Amino acid sequence: MKKERSQFRDHQAEVSLFKRRALAGFIGIIILSFVLIGNLYHLEVQDYSEYTARSNDNRIKIIPVAPNRGRIYDRNGVILAENIPVYSLEIIPEKVAHLTETLDSLKTFLGVTDDEIDSFMKDKKHTRPFMPVTLIDQMTEKQVAEFSVNEFHYPGVDVDAHLERYYPYGSALTHTLGYVAKINDRDIKSLKEQGIYSNYKATRTIGKLGVERYYEDLLHGQSGYEKVEVNNRGRIIRTLEYVPPISGKDIKLTIDLNLQLYANKLLTEDVKDPKTGKMVTKTRRGAIVVLNPQDDGILAMVSSPSYDPNLFVHGITSKEYSKLLNSPAHPLVNRTTLGVYPPGSTVKPQIAVAALATGVITPNTVRNNPGWWRIPNSKSRKFRDDVRWGHGNVDVYKAIEQSVDTFFYQVAYDMGIDRLSTWMNKFGYGEPTGIDIKEETSGNMPTRQWKLAHTKQPWYQGDTIPIGIGQGYWTATPMQIAKATSVVANSGVVHRPHLLYAILDGKKEDIVKFKDFPKVEPVPLKDWQIAQEGMHLVTTKGTARKEFKNLAYEAAGKTGTSQVYTMSDTQNYDANEVAEHLRDHALFTGFAPLHDPKVLVSVILEHGGWGRNAAPLARKIMDYVLVKPTLDPAAQKQLKSDVTSTETPVDVSKTAEIKAN
């Protein structure tokens, strides 16, 4: 039987299939080509700027350049804070063939410590091989000189220089100038919140206290930058652009350096060491504020003891800081604006003005008390005077002159706490003085509301009585006392205490004017003159007459003695039987000349005893300013010596009443 042949391939179908596939492939190629062209257009045209910027970010780096910090001068042009070159030793690891041998050689040659080598090795692990790593932070002049001569032996090792803040007068101005220190995380957070962190990326330090902190915006300046091209490893190939930084402004302060040094010197005394029998210099605890009462520019501001601010610039060790922090002397506290004390009898002129203005007393008011005072129609405790048998007939002049407590007990009782606190607020008590540093407390001008909030008890009449002599719950800073005294000296004009005198721009000097506070009103001029004359009598016939004998000018002042702890009305105070930290504080505040004040001085000596003990310091400062003694070179050199100490605490404890002054 014949078999039928079947066709093995269908050539026509295969050709048709191929044509269809070829057409589909060609169409796919066309579509993909359009997609590719579209993407190329997207990359090369539409998003060209974005990708160019990204490329440049990888290729071009912006390196910020720190500005030079503005310098600080005193009112006479003497530099108080400057920038000095500091040298550091740096190593570029990839350029050093034998790093271990090099470090051993430098250890022997320059005295590099093991701690410095350990720190270097830690930093090296987190740094690219071609970037410099610091080995010695601060080189001595001898180290710089020795290395410079032998530098050719150490390829890859270089000396780098930068400017660092320096305070030539050390502790004498610490609580005025403050200091700069390394920027920390808290500073970075604050700068970011203010939106100015980009201006600090190249800056090592920032103002931490005092004028350095308050005028940081003026002193810091504007950062510049360097635009460089780098390779894929981050190595700089070339510099494309350089924009120099703008240095911070130089400023002048109202401070008179020689007066500041002189006031510092007054708070030291030579005493005999009981162990060795030799004379040693001891720092007295206290504060001195010297103002120009015509505008309340601060001529001197001394807090004692103090400390060297240069310790903080490069970074203080934890051991050194703990020593300052834990010192019983509390040198870190700025006593002029943070030390709070009962103002004592220094407030009696202001209370007299308030009583006269409100009609509580008149110039003809005369009172006779037997050396003590008691709340009328009561069996309360007796509030005693410093003179047990009393002062006889006392008017407002004599009350200020002899600091008669019993007179002001009655005034406080008649005025009441509400009027008293309101009027004392007008003089600046219980409020910031407005001084241009941030380290300031308001003290406490007590009110009914304050006592209820802090003690959960109502205000009693007995609480008001010690307020009349600056005691009880009332506390104030030396700066507040100086400001309140200035108000009396200026017959009600309230200036703002300030440190900034002028901003320097090249040779141009822009004098800064500060706005005054509202005038104390309504007070007739005659009432101010009564307070002024009462203070004048203090220095001629009253509690400070011995300390102000043989003046070449007329002065006005007021002593104050604030008691640190409460005594019963049957106790007698004997300073020799009381521990030193419980002894009275001595205060004095005054101005001169009487009718055209040029200088105002407020002094507090912690645990210094009677107020008149502070008066001699104020007298010496007034003489220094008004009589202008000429200092010989030896005295000038002595004044410039650093005034440092580690003793003496500030006592900010609550106090009660006091003996008069």
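Where does UniProt place the feature "active site"? In this predicted model, the unreviewed entry puts that feature at Ser345. Serine 345 turns up in a loop, with helix H12 (318-325) on one side and helix H13 (348-358) on the other. Its relative accessible area is 0%, so serine 345 counts as buried, the cut-off being under 20%.

Stepping back to the whole chain, the protein has 661 residues, and 48% of them are buried. The secondary structure adds up to 21 helices and 23 strands. Looking at contacts between residues at least 6 apart in sequence, 73% of them link residues at least 24 apart. As for the surface, about 33700 Å² is accessible, and carbon and sulfur atoms account for 52% of that area.

The UniProt record also has something to say about an earlier stretch. Its unreviewed entry lists residues 21-41 as "transmembrane region". In the model, residues 21-41 are 100% helix and 0% strand, and the C-alpha atoms at the two ends of the stretch sit 30 Å apart.

Next comes one of the sheets. Five strands form an open sheet with antiparallel pairing, in the order S14-S13-S23-S22-S21. Strand S14 (297-304) and strand S21 (556-562) are the edge strands, each pairing on one side only. On average, neighbouring strands of this sheet are turned by 5° against each other, direction ignored. In general, the strands of a sheet pair through backbone hydrogen bonds, in either a parallel or an antiparallel way. Within this sheet, strand S22 (residues 585-592) and strand S23 (residues 599-605) run antiparallel and are joined by seven bridges. Threonine 589 has serine 602, in S23, standing opposite. There is a helix to go with the sheet, too: helix H19 (residues 525-540) lies across S21 and S22, and makes an angle of about 75° with S21.

Back in the helical part of the chain, glutamine 260 deserves a look of its own. This residue belongs to helix H10 (residues 257-266). Is glutamine 260 buried or exposed? Glutamine 260 counts as buried because its relative accessibility is 0%. The side chain of glutamine 260 comes to 2.9 Å from the backbone oxygen of alanine 172. Setting aside neighbours within four places in sequence, the contacts of glutamine 260 take in Ala172, Leu173, Thr176 and Ile255, along with Leu299, Ala300, Met301 and Val302. Edge strand S14 spans 297-304, and the contact list of glutamine 260 includes Leu299 and Val302.

Key: Residues numbered from 1 in each chain as written. Predicted model: local features only at pLDDT ≥ 70, side-chain atom pairs only at ≥ 80, totals over all residues. Heavy atoms only, no water. Helix = DSSP H or I, 4+ residues; strand = E, 2+ residues; numbered from the N terminus. Buried < 20%, exposed > 50% of the residue type's maximum accessible area, 1.4 Å probe, protein only. Contact = heavy atoms within 4.5 Å. Areas by Shrake-Rupley, 256 points an atom, 1.4 Å probe, with all protein chains shown as cover. UniProt positions renumbered as here; feature names shortened; annotations may be inferred. Pairing = 2+ DSSP bridges. Axes fitted to C-alpha atoms, helices over the stretch in contact; angles between N-to-C directions. Polar contact = N/O pair within 3.5 Å; in protein donor to acceptor, adjacent residues only side chain to side chain.
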